[in-house]
Amino acid sequence: MDKIIAVVSSIVVIGFVAWWFFGKRKTEAVAADVQDGQQTVEVKVDGGYVPNVVTLKQGVPAKIMFTRKDPSSCLEEVVFPDFGIRQKLPFKKTHAVAIDTSKPGEFKYACGMNMFFGKVVIK
């Protein structure tokens, strides 16, 4: 009986881990506000990125304002590989990350451990 409980428990844990890391995440998108020739958008960092898709206008200087509310070490850093950006996000503070909007496209970003993801769309 102990072996059956151990096997069932293991299957449940493996299923949860697979769902957590590979399950479909809800997509929440937002377009940046443009004021005085500058565009900004707020992203909350709390168990992931909310919103996780940001749309920016091509050619307009842009900043993504990350506010980290999650104390986990995984989310203490944000990485934009296509832009060569790797920046620390201070806990319980807002940190601006400047984005180069000169080229259109979709550019992914992730936490420092590559477990949580977001995307910047430049049109």
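**Close-up views of a predicted model**

**Figure 1. Pairing of strands β7 and β8.** Strands β7 and β8 run antiparallel to one another and are joined over four bridges. The model shown here and in the views that follow is predicted. Within this pairing, valine 78 has glutamine 87 of β8 as its bridge partner. Both strands belong to an open sheet of six strands, in which the order is β1-β5-β11-β10-β7-β8 and the pairing is mixed. The edges of this sheet are formed by β1 and β8; each has a single partner strand, so one side of each is left without a neighbour in the sheet. On average, and with direction ignored, neighbouring strands of the sheet are turned by 20° against each other.

**Figure 2. Salt bridges of arginine 86 and lysine 88.** By the rule applied, the structure holds three salt bridges, and two of the pairs are presented in this view. Lysine 88 is joined to glutamate 76, with 3.8 Å between the closest N and O atoms. This pair links distant parts of the chain, since lysine 88 belongs to strand β8 and glutamate 76 to the loop between β6 and β7, 12 residues apart. Lysine 88 is exposed, at a relative accessible area of 54%, whereas glutamate 76 is partly exposed, at 31%. Arginine 86 forms a salt bridge with glutamate 77, and here the closest N and O atoms are 2.9 Å apart. Arginine 86 is exposed, with 52% relative accessibility, while its partner glutamate 77 is buried, with a relative accessible area of 14%.

**Figure 3. Salt bridge between lysine 119 and glutamate 106.** The side chains of lysine 119 and glutamate 106 meet at 3.4 Å, N to O. Distant parts of the chain are linked by this pair: lysine 119 lies in strand β11 (residues 117-122) and glutamate 106 in strand β10, 13 residues apart. Lysine 119 is partly exposed, with a relative accessible area of 23%. Glutamate 106, by contrast, is exposed, with a relative accessible area of 53%. In the order of the six-stranded open sheet, β11 and β10 stand next to each other.

**Figure 4. Aromatic pair of phenylalanine 66 and phenylalanine 80.** The count of aromatic pairs comes to seven by the rule applied. In one of them, phenylalanine 66 and phenylalanine 80 meet edge-to-face, at 6.3 Å centre to centre and with 65° between the planes. Phenylalanine 66 is located in strand β6 (residues 62-68) and phenylalanine 80 in strand β7 (residues 77-80), so the pair ties together parts that are 14 residues apart in sequence. Phenylalanine 66 is buried, with 0% relative accessibility. Phenylalanine 80 is likewise buried, with a relative accessible area of 0%.

**Figure 5. Aromatic pair of phenylalanine 83 and phenylalanine 107.** The rings of phenylalanine 83 and phenylalanine 107 form a tilted pair, 4.9 Å centre to centre, with 45° between the planes. Because phenylalanine 83 lies in the loop between β7 and β8 (85-88) and phenylalanine 107 in strand β10 (residues 105-111), the pair ties together parts that are 24 residues apart in sequence. Phenylalanine 83 counts as partly exposed, at 22% relative accessibility. Phenylalanine 107 counts as buried, at 15%. Ring pairs connect both residues with Tyr49, Phe66, Phe80 and Tyr109 in a cluster.

**Figure 6. Surroundings of alanine 32.** Alanine 32 is situated in the loop between β1 (29-31) and β2 (33-35). Its relative accessibility is 14%, and alanine 32 therefore counts as buried. With neighbours within four places in sequence left aside, the residues in contact with alanine 32 are Gln39, Thr40, Val41, Thr55 and Leu56. Alanine 32 and isoleucine 64 are separated by 32 residues in sequence and by 8.6 Å in space, C-alpha to C-alpha.

**Figure 7. Cysteine 74 and cysteine 111.** Cysteine 74 is buried, with 7% relative accessibility. Cysteine 111 is also buried, with a relative accessible area of 2%. A search of the whole structure finds zero disulfides.

Note on methods: Residues are numbered from 1 along each chain as its sequence is written. This is a predicted model: local features need pLDDT of at least 70, side-chain atom pairs count only at pLDDT 80 or more; totals for chains, interfaces and linings use all residues. Side-chain values use heavy atoms; hydrogens and water are left out. Rings of Phe, Tyr and Trp (its six-membered ring) pair if their centres lie within 6.5 Å; planes under 30 degrees apart count as stacked, over 60 as edge-to-face and the rest as tilted. Helices (H or I, at least four residues) and strands (E, at least two) are DSSP runs, numbered from the N terminus. Buried means under 20% relative accessible area, exposed over 50%, partly exposed in between (1.4 Å probe, protein chains only). Contact means heavy atoms within 4.5 Å. Two strands pair if DSSP finds at least two bridges between them. Axes are lines fitted to C-alpha atoms, for helices over the stretch in contact, and angles run from 0 to 180 degrees between N-to-C directions. A disulfide is a pair of cysteine sulfur atoms within 2.5 Å. A salt bridge is a side-chain nitrogen of Lys or Arg within 4 Å of a carboxyl oxygen of Asp or Glu.
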